[in-house]
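User: Could you walk me through this one? I have the sequence and the model open and would like to go piece by piece.
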Amino acid sequence: VDGYYNIWTEKGNVLTVDSACVGTCFYQEHNFTATDHVEKLIPKFEMNKYNALFLATIINQSTFKYSYGRGRSKTRLEKETIKLPTTPKGEPDYQFMEDYIKILPYSKYI
């Protein structure tokens, strides 16, 4: 970390993916500044840090498919499918994701 600034280009509470190399996903809780090698995954649901960390972990499980020569671009992200826990109605179970992260050891430090 070089320092902290009051200048930012992006709003927080999003997932970001490194599109230049292996496509690692991170949760950005606070407002931040990003380069053009960062793809933002903006939620269409009420995301919090717990279900965001669950999603980032699931997304990172497929980074083995990417490398410097085959980056995780926006086009590849749009074609990617991830498997999530669902409710009996077949919708993503965000409450389960949140509860799962909260029961992990050291989760109280998140």
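Analyst: One cut-off first, since it will come up again: a residue is called buried under 20% relative accessible area, exposed over 50%, and partly exposed in between. Please also keep in mind that this is a predicted model.

User: OK, so where does Lys 49 fall, buried or exposed or in between?
Analyst: Lys 49 has a relative accessible area of 23%, and because the partly exposed class lies between 20% and 50%, that is where Lys 49 belongs. Lys 49 is found in helix α1, which covers residues 49-60.

User: And how far apart are the C-alpha atoms of Lys 49 and Thr 81?
Analyst: Their C-alpha atoms are separated by 21 Å, with the two residues standing 32 residues apart along the chain.

User: Let's step back, what's the order of elements?
Analyst: Starting at the N terminus, the elements run β-β-β-α-α-α, so that the secondary structure comes to 3 helices and 3 strands. The C-alpha trace spans about 40 × 35 × 25 Å along its principal axes, and 29% of the 110 residues count as buried.

User: Which strands does β1 pair with?
Analyst: β1 (residues 14-18) pairs in the antiparallel sense with β2 (residues 25-28) over 4 bridges, and it also pairs in the antiparallel sense with β3 (residues 38-41), again over 4 bridges. As examples of the register, Leu 15 has Tyr 27 of β2 as its bridge partner, while Val 17 stands opposite Glu 39 in β3.

User: How covered is β1, and what's in the turn after it?
Analyst: β1 is mostly covered, with 4 of its 5 residues buried. β1 and β2 form a hairpin with 6 residues between them, and in that turn Gly 23 has a positive phi of about 75°.

User: Switching to the surface, which residues make the nonpolar patch?
Analyst: Phe 96, Tyr 100, Ile 103 and Leu 104 make a nonpolar surface patch of about 390 Å². Ile 103 belongs to helix α3 (residues 94-103) and counts as exposed because its relative accessibility is 65%.

User: And which residues form the positive one?
Analyst: The positive surface patch is formed by Lys 65, Arg 70, Arg 76 and Lys 79.

User: Why does Arg 76 count as partly exposed?
Analyst: Arg 76, which is placed in helix α2 (residues 74-79), has a relative accessibility of 32% and therefore counts as partly exposed.

Notes:
Residues numbered from 1 in each chain as written. Predicted model: local features only at pLDDT ≥ 70, side-chain atom pairs only at ≥ 80, totals over all residues. Heavy atoms only, no water. Patch = residues over 30% accessible without salt bridge, like charges linked within 9 Å, V, L, I, M, F, W, Y side chains within 5 Å. Areas by Shrake-Rupley, 256 points an atom, 1.4 Å probe, with all protein chains shown as cover. Salt bridge = Lys/Arg side-chain N within 4 Å of Asp/Glu carboxyl O. Lys, Arg positive; Asp, Glu negative; His and termini not counted. Charge placed at Lys NZ, Arg CZ, Asp CG, Glu CD. Helix = DSSP H or I, 4+ residues; strand = E, 2+ residues; numbered from the N terminus. Buried < 20%, exposed > 50% of the residue type's maximum accessible area, 1.4 Å probe, protein only. Pairing = 2+ DSSP bridges.
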